[in-house]
Amino acid sequence: MKTNFLIAVSFLFLLSSCVKDKGSVTMTYNKGTAVYADLDAVRSKTLIGTTRQINDPGKIFIDENMLLIGEEDEGIHVYDNTNPASPVNVSFIQLPFCKEFYVENNMIYAESQYDFVKIDITNLSLPTLVNRVEFAFGDAIFDHNGNVLVGFDYAVVTESFDFGSAEELALRESSNLFYNSKGNLIPESSVPSSFTGNSESIKGTLNKITVNNNYVYVVGDSKLYTFYDAPNQMNLVNETDISLGLETIYPEGNNLYLGTQTSMIVVDASNPSSPEYTSEYEHPTSCDPVLPNGNVAYLTLRTADFSGCNGDENTVEVLDISDVNNPEPLNSYTVSSPYGMNIINNYLFVGEGNNGLTIFDISNPQFLAFQTTLSNVTVYDIMPHPTDPSIILTTGDNGLVQYNIDYATLTLTELSSINY
Amino acid sequence: MLNLKVLIILLVSFSQAEFFCQEETDLSNSSLLILRRGANMGNKRKPGKLITETDDIVQFKVFDARDTLFVNKRYVKKIYYSDEIYLFERKKFQYKNAYLFNFSWGMSSNHGSLQASFTKRFPSHLELGLGTAFSNVSFEIPIVGDNPIWVSVSSLPLYGVVKYHINEGKRLYYLKGKVGISNNLKPFNADQISNGYMWEAGLGFQLGGGRKVRHYFELSQYSTYAKGHLALADINNAPADVSFNRTFYRIVFTYGIELGKK
């Protein structure tokens, strides 16, 4: 009996070596290949470059006479918008690897890969770098030649490997490199292009950077970065762990309203150098910005349009924030695919991407009165002109469009467009 | 791998403690008589020898008792006959010849399963039967530029079971094998999945019990196969087209219960 048992145990020991799966994979996908560069050369690049075509627009800022349009990873296009019917491309600010920027008081605050920079644009023909906080968002990843990982080039490839092979291990290492590098960067927005704000302090709802009480706040994937902003300097003073999946930030009074993939988070910034988590309103997983409006906040939840957002809700939520310690849901309105939103002339405008532009009357801020959906336009975000209330600007797949709006009929007449 | 071997050593050590120390009274060819409530004959569970059995009366010689019991059948709940069970001290027994239901839960790295089988155990130490399960096995395909692709293959396998019992002890040791078809279900992110084979082979032990339920533990090698195709959209909205074929090997730890005759 004992012999039988020992034979059986030996049998199991033999089997225990058979735990490696076998087989193969063939896949075609948009593969990222790491790109390394000399960071000193990148940082020393001159700010002013020649005008160029818009290929991949990001953030947009509108002044009374000027338009700034971000070119993802390259910099910012400068347009003279003195005549909204005919904006003119006048120059280009070179900011390698910049995806997010924000403008306030003639200063551009921008992330540039690992760094955070402040640029004075008081004289637009001669923008000057005021400050660069190096490695503000994390340490760099170097290759064997001392160059720094600055991004990934994407190309559709077909590749095959056997499970457990050297090829799979190499791919796994590259995959880990991709994620490690992303951990040190400000995440890319899930919205193709959106407004930072206008010069009359109307802010966009899809920002990752904002300024409040001489402090600049930047949302990373899970952290809130706080920079002290003095006239000729800027310093990183705090990194606050908040929650995974941070997406947007909007300041209101002494509070910062953060949109995350699973909630709206209120952060108390009454001590601006040391913001503290106050409360949270949880919702189903989705992409969403927050727009506070007095005692209520509007929250859009988007899952449609295959923009990397999980879940199955497409709604505008109205929350009671009269007690910021305890945000409560008030009402919910189903829409098609909400992206950015803004309040203009007592209307809530909600960009619905390819599904158009939806307009609600918010005379009673707690209750949204549906007015119309303009389905013949593609709108990701909306911003009023800073000085002319009859003009609104929208971003869409084909470009930036300026419209005259008739508030009586809620109809749009195109003034001009900058196609990209 | 080290952890796996430690697990095997612990399992073997634990199981052997009693295996080599069992002191069993000779209870061969014994039966177990279970009386109904109201029989007023002391303990309801009486081990002994069945002498005769008619339509109305059971004549039963109880161990450790002087007399033979003559029990009206209306007080007999059931009899585990000597050709059905191996009886041990403290009225514990193992089935020798019976139809059995098995329900079990197995787990290993990125794998889990709930299993059910119906078997016939023969006095020759052999046990044969059929089973099914709900099983899941998953794996990751690394890519560069987006989340790794997780493939989670669930299946409803149908298989034949064969067990060979190494001993006749109160703690029953056995070798076990299963062979069948995997009957794979389409993963949520796949548009195609094929069926394949599945097999499992291993070693286990079953604790003796005084009632119809017995507990058992197994360590086994499990394998199944799946071939599929996924059509995905990554975060950059570029389509990803993935074909895979994979033979899964897992070392599975299983806990189960065996249900015998009512």
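**Exercise 1: The open sheet in chain B**

Work out in what order the five strands of the open sheet in chain B are arranged, and which strands sit at its edges.

*Solution.* Keep in mind that this is a predicted model. Start with the order: the five strands of the open sheet in chain B run 4-3-2-1-5, with antiparallel pairing. Next, look for strands that pair on one side only: these are strand 4 (68–72) and strand 5 (76–80) of chain B, the edge strands. Finally, check the twist, which averages 40° from one strand to the next.

**Exercise 2: Following Phe60(B) across its neighbours**

Find which residues stand across from Phe60(B) in strand 2 and strand 4 of chain B, and how the strands are linked.

*Solution.* Step one is the strand 2 side. Strand 2 (residues 45–53) and strand 3 (residues 57–62) of chain B run antiparallel and are joined by five bridges. Here Phe60(B), in strand 3, is the bridge partner of Leu50(B). The link between strand 2 and strand 3 of chain B is a hairpin of three residues.

Step two is the strand 4 side. Strand 3 and strand 4 of chain B also pair in the antiparallel sense, over five bridges. Opposite Phe60(B) you'll find Leu69(B) in strand 4 of chain B. This hairpin, between strand 3 and strand 4 of chain B, has five residues in between, and Asp64(B) in the turn has a positive phi of about 60°.

**Exercise 3: A hairpin in chain A**

Say how many bridges hold strand 15 and strand 16 of chain A together, and how many residues connect the two.

*Solution.* Count the bridges: eight of them join strand 15 (residues 223–230) to strand 16 (residues 233–241) of chain A, and the strands run antiparallel. One of the pairs to look for is Tyr228(A) with its bridge partner Asn235(A) in strand 16 of chain A. Then trace the connection: a hairpin of two residues joins strand 15 to strand 16 of chain A.

**Exercise 4: The two faces of helix 3 in chain A**

Check whether the length of helix 3 of chain A agrees or disagrees with its residue count, then sort out where its buried residues lie.

*Solution.* Length comes first. Helix 3 of chain A (residues 166–182) has 17 residues, so at 1.5 Å a residue it should span 24 Å; the end C-alpha atoms are 24 Å apart, which agrees.

Now for burial. Leu171(A), Ser175(A), Phe178(A) and Ser181(A) are buried in helix 3 of chain A. They cover an arc of only 130° around the axis, so they sit on the same side of helix 3 of chain A. The general rule helps here: an α-helix has 3.6 residues a turn, so residues three or four places apart point the same way.

What covers the buried residues of helix 3 of chain A? The cover includes strand 1 (22–37) and strand 11 (148–162) of chain A. On the face turned away from the buried side, you'll see the exposed residues Ala166(A), Leu169(A) and Glu173(A).

**Exercise 5: Nonpolar cores**

Pick out which residues touch the most other members of the largest nonpolar core.

*Solution.* The largest nonpolar core has 91 residues, and the ones touching the most other members are Phe101(A), Tyr109(A), Val216(A), Leu258(A) and Ala297(A). Zoom in on Phe101(A): beyond its neighbours within four places in sequence, its contacts include Lys59(A), Gly70(A), Ile76(A), Tyr109(A) and Ile209(A). There's also a second, separate core of 22 residues, with Ile141(B), Ile143(B), Ala190(B) and Tyr225(B) among them.

**Exercise 6: Three loop residues**

Decide whether Ser375(A), Asn213(A) and Leu410(A) are buried, partly exposed or exposed.

*Solution.* For this you need the cut-offs: a residue is buried with 20 or more other C-beta atoms within 10 Å and exposed with 12 or fewer.

- Ser375(A), in the loop between strand 28 (369–374) and strand 29 (381–384) of chain A, has 13 other C-beta atoms within 10 Å, so it is partly exposed. Away from its sequence neighbours up to four places off, Ser375(A) touches Asn355(A) and Gly356(A).
- Asn213(A), in the loop between strand 13 (209–212) and strand 14 (215–219) of chain A, has 13 C-beta neighbours inside 10 Å, so it counts as partly exposed. Its phi is near 50°, a positive value in a residue other than glycine.
- Leu410(A), in the loop between strand 31 (399–406) and strand 32 (411–419) of chain A, has 15 C-beta neighbours inside 10 Å and so counts as partly exposed. Phi of Leu410(A) is positive too, near 55°.

How values were computed. Residues numbered from 1 in each chain as written. Chains lettered and ligands numbered in written order. Predicted model: local features only at pLDDT ≥ 70, side-chain atom pairs only at ≥ 80, totals over all residues. Pairing = 2+ DSSP bridges. Helix = DSSP H or I, 4+ residues; strand = E, 2+ residues; numbered from the N terminus. Axes fitted to C-alpha atoms, helices over the stretch in contact; angles between N-to-C directions. Expected span 1.5 Å × (residues − 1). Arc of directions from axis to C-beta. Contact = placed C-beta atoms within 7 Å. Core = buried A, V, L, I, M, F, W, Y, C linked by C-beta atoms within 7 Å.
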